[in-house]
Amino acid sequence: MNAIMSIRGLSHVYSPKTPFECSAINNIDLDIYPGETLGIIGHTGSGKSTLISHLNGLIKPSSGEILYDGENIFKSKEFTHSIRFKVGLVLQYPEYQLFEETVYKDIAYGPSNMGLSDDEIEQRVYESAEFAGIDKSLLLSSPFELSGGQKRRVAIAGIIAMRPKVLILDEPTAGLDPVGREDLLYHIKKYRDATGAAVIIVTHSMEDIARHADKLLVMNGGEIMLYGTPDEVFSHSEELLNAGLDLPQITHIIKALKARGISLPDSVYTVSQAVDAILSTGGVDHD
């Protein structure tokens, strides 16, 4: 399968040739594939937000290139503009960016800018509302009357309505309760499965990303520290902890059990894996 996006030698320096010069990311290489969910994790200042801001052309690289279907996204102003419909970026706390009179109009804003017919816009509004878990009864409501979680769903639906081939979400579950987090991620997965889009999720929640990502990218100091499947990445638990990152709570529990002499795998990062691992040992001896 060919990558939908490729990043080659990507570096970005803020305020170059000034006393405030700061290298945010350095020499990043990465391929993003259709239908995969990529989780990006790293402590504050590791370069996560700078990286994803390049992917739909919000920031131009200091060096390197970003390819969409093999073409440099900065090859022309027109192509860069078109990329913003194909690579949808949902910034952290997107609910603060809502501005229309109704939920319907907010979701319809992106498709309207694509020059679609009213019928096509209506179809996309209803479809994306369903993908984001928004009840149709809310479409004529003011977005400012909604709860924080509902507002976030509206903002995400507005991006999904453009049917991006790459959907990027920066901390989509921040501030939501566990039920709200799981439900939102479930609906994002529905969009991915229905469209074959690539999904990129930046998050601090190890539990969320452990359950939902196919691949994990760990950023540290503006560079890629680890990249691979969740099994591969979470097997480097000491490296993650030394980099100031946490582990899923269940991984801490498994490590504690191993310290008590129970033979368990190195990489256990979900509850279902923990249950299987413990049962395979014949259970925990309570003596």
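The legends below describe several close-up views of a predicted model.

**View 1. The six-stranded open sheet.**
Six strands make up an open sheet, in the order E6-E7-E8-E3-E9-E10. The pairing within this sheet is mixed. Strand E6 and strand E10 (223–228) stand at the edges, and each has a single partner strand, so one side of each is left without a neighbour in the sheet. From one strand to the next, the twist averages 15°. Strands of a sheet pair through backbone hydrogen bonds, either parallel or antiparallel.

**View 2. The edge strand E6 and its partner E7.**
E6 pairs with strand E7 (residues 166–170) in the parallel sense, over four bridges. Val-87 of E6 has Val-166 of E7 as its bridge partner, and Leu-89 has Ile-168 of E7 as its bridge partner. In a regular strand the side chains alternate between the two faces of the sheet. In E6, Val-87 and Leu-89 point one way, whereas Gly-88 and Val-90 point the other way. All four of these E6 residues are buried.

**View 3. The largest pocket.**
The largest pocket has a volume of about 650 Å³. It is lined by 23 residues, and those closest to its centre are Leu-89, Gln-97, Tyr-109, Ile-159 and Met-162. At least two residues of the lining come from each of helix H2 (77–86), strand E6 (87–90), helix H3 (103–113) and helix H5 (148–160). Sorted by class, the lining of this pocket has 14 nonpolar, seven polar and two charged residues. Leu-89 thus links this view with View 2: the residue is among those closest to the pocket centre, and it is paired by a bridge with Ile-168 in E7.

**View 4. The nonpolar cores.**
In soluble globular proteins, nonpolar side chains tend to be buried together. The largest nonpolar core of this model has 31 residues. Those with the most contacts inside this core are Leu-167, Leu-169, Ile-188, Ile-209, Val-218, Phe-234 and Leu-240. H5, E7, helix H6 (178–195), strand E8 (198–202), helix H7 (206–212), strand E9 (215–220) and helix H8 (230–234) each supply at least two residues of the core. The largest share, four residues, comes from H6. Apart from this core lies another, of 28 residues, including Ile-25, Ile-40, Tyr-68 and Val-87.

**View 5. The largest cavity.**
Rolling a probe the size of a water molecule over the atoms shows where empty space is left. The model has two cavities of 30 Å³ or more. The largest cavity has a volume of about 60 Å³. Its lining consists of Thr-37, Leu-185, Ile-188, Lys-189, Arg-192, Val-199, Ile-201 and His-212. H6 and E8 each supply at least two of the lining residues, and the largest share, four residues, comes from H6. By class, the lining divides into four nonpolar, two polar and two charged residues. Ile-188 appears in this lining and also among the residues with the most contacts inside the largest nonpolar core.

**View 6. The second largest cavity.**
The second largest cavity has a volume of about 40 Å³. Pro-172, Thr-173, Leu-185, Ile-201, Thr-203, Asp-208 and Ile-209 line this cavity. Four of the lining residues are nonpolar, two are polar and one is charged. Leu-185 and Ile-201 line the second largest cavity and also belong to the lining of the largest cavity.

**View 7. Two loop residues with positive phi.**
Ser-15 lies in the loop between strand E1 (5–14) and strand E2 (22–32). Although Ser-15 is not a glycine, its phi is positive, at about 50°. Ser-15 is partly exposed, with a relative accessible area of 38%. Asp-69 is found in the loop between strand E4 (63–68) and strand E5 (71–72). Asp-69 is not a glycine either, and has a positive phi of about 50°. The relative accessible area of Asp-69 is 51%, so this residue counts as exposed, a class set at over 50%.

**View 8. The buried histidine of helix H1.**
His-54 lies in helix H1 (residues 48–55). With a relative accessible area of 0%, His-54 is buried, because that class covers values under 20%. His-54 and Ile-66 are twelve residues apart in sequence. In space, the distance between His-54 and Ile-66 is 7.7 Å, C-alpha to C-alpha.

Conventions:
Residues numbered from 1 in each chain as written. Predicted model: local features only at pLDDT ≥ 70, side-chain atom pairs only at ≥ 80, totals over all residues. Heavy atoms only, no water. 1 Å grid on protein atoms, 1.4 Å probe; cavity = no way out; pocket = protein on both sides within 12 Å on 5 of 7 lines; lining within 4 Å. Points joined across faces, edges and corners; volume = space filled by probe spheres on them. Nonpolar A, V, L, I, M, F, W, Y, C, P; charged D, E, K, R; others polar. Buried < 20%, exposed > 50% of the residue type's maximum accessible area, 1.4 Å probe, protein only. Pairing = 2+ DSSP bridges. Core = buried A, V, L, I, M, F, W, Y, C linked by side-chain atoms within 4.5 Å. Axes fitted to C-alpha atoms, helices over the stretch in contact; angles between N-to-C directions.
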